[in-house]
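Thank you all for making time this morning. I would like to walk through one structure with you, beginning with its sheet and then turning to a helix and some of its residues.

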Amino acid sequence: MRLFLSSYRFGAHYDRLVALAGPPGRVALIPNACDAWPEAWAGAVTSDMSPLRQLGYRPEVLDLREYVGREAELERKLAEFPLVWVRGGNTFVLRAQFARSGADRVLP
């Protein structure tokens, strides 16, 4: 597993993301760190999709809430993506959604 960690989007290093992730393709965008703010959820998704699209990637929302108790299905879905982008926000909420969906076991 290779990780690109940034406190805000790509930081000043979008080139490092591209070098690490390879040529642009599909991206699973996991926005569940924003689940505690339903009124801001759609805006948060849009704010992450735009910069990924500008780099040539094709982001698709993967909502972990849809996979609660369906770990095998989540694993099959994630296998379709060469890149997973996990949006920041409330890390406690994100951790809970990782546990409920099994993403914490599937991703590694």
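**The sheet and helix α4**

Let me begin with strand β1, which is mostly covered, since four of its five residues are buried. Please keep in mind throughout that what you have in front of you is a predicted model, and that the values I quote are computed from it.

β1 belongs to an open sheet of three strands, in the order β2-β1-β3, and the pairing is parallel. The edge strands are β2 and β3, each of which pairs on one side only. If one ignores direction, neighbouring strands of this sheet are turned by 30° against each other on average.

On one side, β1, residues 26–30, pairs with β2, residues 58–61, in the parallel sense over four bridges. To get from β1 to β2, the chain passes through helix α2, residues 38–54, and this β-α-β crossover is right-handed. If you would like to find the register in the model, Val 27 has Pro 59 as its bridge partner in β2, while Ala 28 has Glu 60 as its partner in β2. β1 is also joined to β3 by four bridges, and these two strands likewise run parallel; here the bridge partner of Leu 29 is Trp 85 in β3. As a general reminder, strands of a sheet pair through backbone hydrogen bonds, either parallel or antiparallel.

Let me now move to helix α4, which spans residues 91–101 and in which Leu 94, Gln 97, Phe 98 and Ser 101 are buried. Why can we say that these buried residues line one face of the helix? Seen down the axis of α4, the buried residues fall within an arc of 105°, and they therefore line one face. The general background is that an α-helix has 3.6 residues a turn, so residues three or four places apart point the same way. The elements that cover the buried residues of α4 include α3 (71–78), β3 (83–86) and α5 (103–106).

The two ends of this helix also deserve a look. At the start of α4, a side-chain oxygen of Asn 90 comes to within 2.9 Å of the backbone nitrogen of Phe 92, whereas just after α4, Gly 102 takes a positive phi of about 90°.

Two residues of α4 can be set side by side, and for each of them we may ask: buried or partly exposed? Ser 101 has a relative accessibility of 1%, and because buried means under 20%, it counts as buried. Arg 100, on the other hand, is partly exposed, with a relative accessible area of 48%.

Leaving out residues up to four places away in sequence, Ser 101 touches Leu 64, Tyr 67, Val 68, Arg 70, Glu 71 and Leu 74. With the corresponding neighbours set aside, Arg 100 is in contact with Tyr 67, Val 68 and Gly 69.

Gln 97 is involved with both of these residues, though through different parts: its backbone oxygen lies 2.9 Å from a polar atom of the side chain of Ser 101, and its side chain makes a polar contact with the side chain of Arg 100, at 3.2 Å. For a sense of distance, Arg 100 and Leu 83 are 17 residues apart in sequence and 21 Å apart in space, C-alpha to C-alpha.

Finally, I would like to turn to Val 18, which lies in helix α1, residues 14–21. Val 18 is partly exposed, with a relative accessible area of 28%, and, not counting residues up to four places away in sequence, it touches Leu 55 and Tyr 57. Val 18 and Ser 101 are 83 residues apart in sequence, and their C-alpha atoms are 28 Å apart in space.

Notes:
Residues numbered from 1 in each chain as written. Predicted model: local features only at pLDDT ≥ 70, side-chain atom pairs only at ≥ 80, totals over all residues. Heavy atoms only, no water. Buried < 20%, exposed > 50% of the residue type's maximum accessible area, 1.4 Å probe, protein only. Arc of directions from axis to C-beta. Contact = heavy atoms within 4.5 Å. Polar contact = N/O pair within 3.5 Å; in protein donor to acceptor, adjacent residues only side chain to side chain. Pairing = 2+ DSSP bridges. Right-handed = clockwise from strand over helix to strand, strands pointing away. Axes fitted to C-alpha atoms, helices over the stretch in contact; angles between N-to-C directions.
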